[in-house]
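Welcome! Let us take a friendly walk through a protein that may be new to you.

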Amino acid sequence: MKITLTNSKLGGFIPSLNLPAGITCRSDAPCFKDCYARKGNFTYPKVKQGYLNNLKEYQEDSEKFFNDVIDYLNNGEIIYKFFRWFSSGDIVDMNFLYGIIKVAKACPM
């Protein structure tokens, strides 16, 4: 899983986990047509592949996926004040939503 710490709009030190836009988002969503995550830096092959890899890891073992997020955030060295779910992508299914809740409970920050 790839969690990034760099985002020019948010500033440094806000971890972010992304999924591929368009694949995990509803095509009938009001924001789909003008989605910024389907343009610019998001279209670079390495970026797209990283987001696809995150989705694949979730699909292969969702429990491990969310435990890895918890381990990343509760690393014992760095206390993160914020965590950003998705500058690209969306909640895949109800299980993903429950995983987000699990992370929030385990990492009150």
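The report below goes from the overall layout to the sheet, the aromatic rings and the surface.

## Overall layout

Please keep in mind that this is a predicted model. The protein has three helices and three strands, and along the sequence they follow the pattern β-β-α-α-β-α. Of its 109 residues, 33% count as buried. How do the contacts spread along the sequence? Among contacts between residues at least 6 apart in sequence, 70% join residues at least 24 apart.

## The sheet

The three strands form an open sheet in the order β1-β2-β3, with mixed pairing. Strands β1 (3-4) and β3 (84-85) each have a single partner strand and stand at the edges, so one side of each is left without a neighbour in the sheet. Strand β2, which covers residues 16-17, pairs with β3 in the parallel sense over two bridges. Which residue of β3 is the bridge partner of L17? The partner is W85.

## A closer look at F86

F86 is found in the loop between β3 and α3 (94-106). Is F86 buried or exposed? With a relative accessibility of 14%, F86 counts as buried, because the cut-off for that word is under 20%.

Leaving out residues up to four places away in sequence, F86 touches L17, N18, L19, I91, F96 and I100. One of these, L17, has already appeared as the bridge partner of W85. F86 also shows how the fold brings together residues that are separated in sequence: F86 and A21 are 65 residues apart along the chain, and their C-alpha atoms are 9.2 Å apart in space.

## Aromatic rings

How many aromatic pairs are there? The count comes to 13. One of them joins F66 and F96: the ring centres are 5.0 Å apart and the planes stand at 75°, so the pair is edge-to-face. F66 lies in helix α2 (residues 62-73) and F96 in helix α3, so this pair ties together parts that are 30 residues apart in sequence. Another pair is Y72 with Y80, whose ring centres are 5.8 Å apart; their planes are at 10°, so the pair is stacked.

Ring pairs also link Y58, F65, F66, F83, W85, F86 and F96 into a cluster. That cluster includes F86, the loop residue described above, as well as W85, the bridge partner of L17.

The table lists how accessible some of the aromatic residues are.

| Residue | Relative accessible area | Class |
|---|---|---|
| F66 | 3% | buried |
| F96 | 0% | buried |
| Y72 | 25% | partly exposed |
| Y80 | 4% | buried |
| F86 | 14% | buried |

In the edge-to-face pair, F66 is buried and F96 is buried too. In the stacked pair, Y80 is buried, whereas Y72 is partly exposed.

## The surface

Finally, let us turn to the outside. The protein exposes about 7200 Å², and carbon and sulfur atoms supply 56% of that area. Which residues make a nonpolar surface patch? M94, Y98 and I101 make one of about 320 Å². I101 is found in helix α3 and is partly exposed, with a relative accessible area of 36%. Helix α3 thus holds I101 of the patch and also F96, the ring partner of F66.

How values were computed:
Residues are numbered from 1 along each chain as its sequence is written. This is a predicted model: local features need pLDDT of at least 70, side-chain atom pairs count only at pLDDT 80 or more; totals for chains, interfaces and linings use all residues. Side-chain values use heavy atoms; hydrogens and water are left out. Two strands pair if DSSP finds at least two bridges between them. Helices (H or I, at least four residues) and strands (E, at least two) are DSSP runs, numbered from the N terminus. Buried means under 20% relative accessible area, exposed over 50%, partly exposed in between (1.4 Å probe, protein chains only). Contact means heavy atoms within 4.5 Å. Rings of Phe, Tyr and Trp (its six-membered ring) pair if their centres lie within 6.5 Å; planes under 30 degrees apart count as stacked, over 60 as edge-to-face and the rest as tilted. Patches are made of residues with over 30% relative accessible area and no salt bridge: like charges are joined within 9 Å, nonpolar side chains (Val, Leu, Ile, Met, Phe, Trp, Tyr) within 5 Å. Accessible areas come from the Shrake-Rupley method with a 1.4 Å probe; for residues, only the protein chains shown count as cover. A salt bridge is a side-chain nitrogen of Lys or Arg within 4 Å of a carboxyl oxygen of Asp or Glu.
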